[in-house]
Every structure is written in C-alpha cells, then in structure tokens.
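User: Could you take a close look at one part of this structure for me? I'd love a connected walk through the surroundings of a single residue and then on to the aromatic pairs and the unusual backbone spots.

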Amino acid sequence: MTEKEKMHNCELYYPNDDEIMKEQLLCLEKLYDYNATRPIEAEKRTAMLNEMFAEIGDGCYIEPPFHANWGGKHVHFGRDVYANFNLTLVDDTHIYVGDCTMFGPNVTVATAGHPILPELREKLYQYNAAVHIGRNCWIGAGAIILPGITIGNNVVVGAGSVVTKDLPDNVVAVGNPCKILREVGEHDKEYFFKDKKIDYDNIKF
C-alpha cells in the first residue's frame, strides 16, 4: 500500500511523502487563487469550487477566506451548502456534507489525527478518518468536528462546541465535549428564537 493509499484507509502514513507533497501543493495554489477573488466575482468562485472539490452541488457558497489542507480535493458537498468566513476543512481524507447544511464563521472540520506515542509523532506520522455531516444541519460559529465523526440530518451544533462523538438525526447538541441538549420538536415549529414566534403567513415554502 502506498503512502497516498494509506491516507484514505485510516492507516498511519507519512504526509511528507514526495508524491503527496507535490499534489497537495498544486491544490493549495488553487485555494490561494480562490481566496484572492473579489466579492463581485461570484461566477468565478463557483467555477473554481467545481474544479477544486471532489464533488459540489448547485447553489453552494463559501465565503473567503476558506482554508483546506488539500483545497477541497477530498470534500463532497451536496447542493445549497453555505459556509461563512474562515471555514477550515482539514481534508487529508474525505469530508461529506449533505444538502442545505450551513457553517457559521470559524468552523473547523478535521479528518487528520496524530498518534499519542511521542516517537511516532516525532517522525511526523499521521492518520486520517473521514467525516460525514448530514442534510440540513447548522454548525454554529467556532464549532470543531473531530476525525471520524458522523452527524445525522437536521442537527444543530451549538457555537463553540467540540464534537467528539457521533450525533443522531434531529437533535440540538452543545458543549465541550458536545452533548445532546434536546431533540428538535414541536416547540421549534412555533418559535424560531426565544419567545419569537414564526409568522407562517410571511414564510415562503
């Protein structure tokens, strides 16, 4: 198994391998160009993301600056995914994000880890575990999602949370470590924020 193959199989590998470094550098060149685009260049940004990402659906928007170890090469977005400023995707292996998911500012999604044994870290060994984020999630500002995590559909992750364990569908989860606060339920059909009621007469479905 080559070092590059180990990247996507949760095996220890050497990330400074010549083949890996050469390919990664070209991805980071594209990322640099994306972050240098101007706000009025929306069409150019869309075209660049289609080139940079493994998969990206229609209607996706990522606000620069955007940071990614591989410039999105191992990232799979559904349609209508939105990311605010400073999204960081440690995409040394695959990251999957479902349709209509939103990322607040300064969110980090990490697939890469380093062994606890000091002697292995000293030699720069690394491992990667894929992250799966479901459909129609809201990942709050400053949240961190760790390697190997799966988040279900319709999940809200509170601002500043550190997600260390999988989360099922239809929950609100907060904290460090992130824990389920409650399920999405009837209350949420009536109120959108504290005591503010949803005015369905003025909502377009």
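Analyst: Happy to. In this predicted model, Val 155 sits in the loop that runs between β15 (150-151) and β16 (156-157). Although Val 155 is a loop residue, its relative accessible area is 0%, so Val 155 counts as buried. Setting aside neighbours within four places in sequence, Val 155 touches Asn 136, Cys 137 and Trp 138, and also the run of Leu 167, Pro 168, Asp 169, Asn 170 and Val 171. Arg 45 gives a sense of scale: Val 155 and Arg 45 are 110 residues apart in sequence, and their C-alpha atoms are 28 Å apart in space.

Now to the aromatic rings. Searching the whole structure turns up 6 aromatic pairs. In one of them, Phe 53 and Phe 77 have ring centres 5.1 Å apart and planes at 70°, which makes the pair edge-to-face, because angles over 60 degrees fall in that class. Phe 53 belongs to the loop between α3 (42-52) and β1 (55-56), while Phe 77 is in strand β4 (residues 75-77), so this pair ties together parts that are 24 residues apart in sequence. Phe 53 and Phe 77 are both buried.

Tyr 61 and Tyr 82 offer another geometry: their ring centres are 6.2 Å apart and their planes lie at 10°, so the pair is stacked. With Tyr 61 in strand β2 (residues 61-62) and Tyr 82 in strand β5 (residues 82-83), this pair links parts that are 21 residues apart in sequence. Tyr 61 is partly exposed at 29% relative accessible area, and Tyr 82 is likewise partly exposed, at 30%. As for clusters, Phe 53 and Phe 77 join Tyr 34, Phe 66 and Phe 103 in one aromatic cluster.

The backbone has some details worth a look too. Most peptide bonds are trans, and most residues other than glycine have a negative phi. The bond joining Pro 64 and Pro 65, however, is cis, with omega about 0°, and Pro 65 is in the loop between β2 and β3 (67-68). Another cis bond runs from Asn 176 to Pro 177, with omega near 0°; Pro 177 is placed in the loop between β18 (171-174) and β19 (179-183).

Positive phi values appear as well. Asp 80, in the loop between β4 and β5, has a phi of about 55° without being a glycine, and Asp 80 is partly exposed at 34% relative accessibility. Lys 194 has a positive phi near 50° and lies in the loop between β20 (191-193) and β21 (196-197). At 66% relative accessibility, Lys 194 counts as exposed.

Methods
Residues are numbered from 1 along each chain as its sequence is written. This is a predicted model: local features need pLDDT of at least 70, side-chain atom pairs count only at pLDDT 80 or more; totals for chains, interfaces and linings use all residues. Side-chain values use heavy atoms; hydrogens and water are left out. Helices (H or I, at least four residues) and strands (E, at least two) are DSSP runs, numbered from the N terminus. Buried means under 20% relative accessible area, exposed over 50%, partly exposed in between (1.4 Å probe, protein chains only). Contact means heavy atoms within 4.5 Å. Rings of Phe, Tyr and Trp (its six-membered ring) pair if their centres lie within 6.5 Å; planes under 30 degrees apart count as stacked, over 60 as edge-to-face and the rest as tilted.
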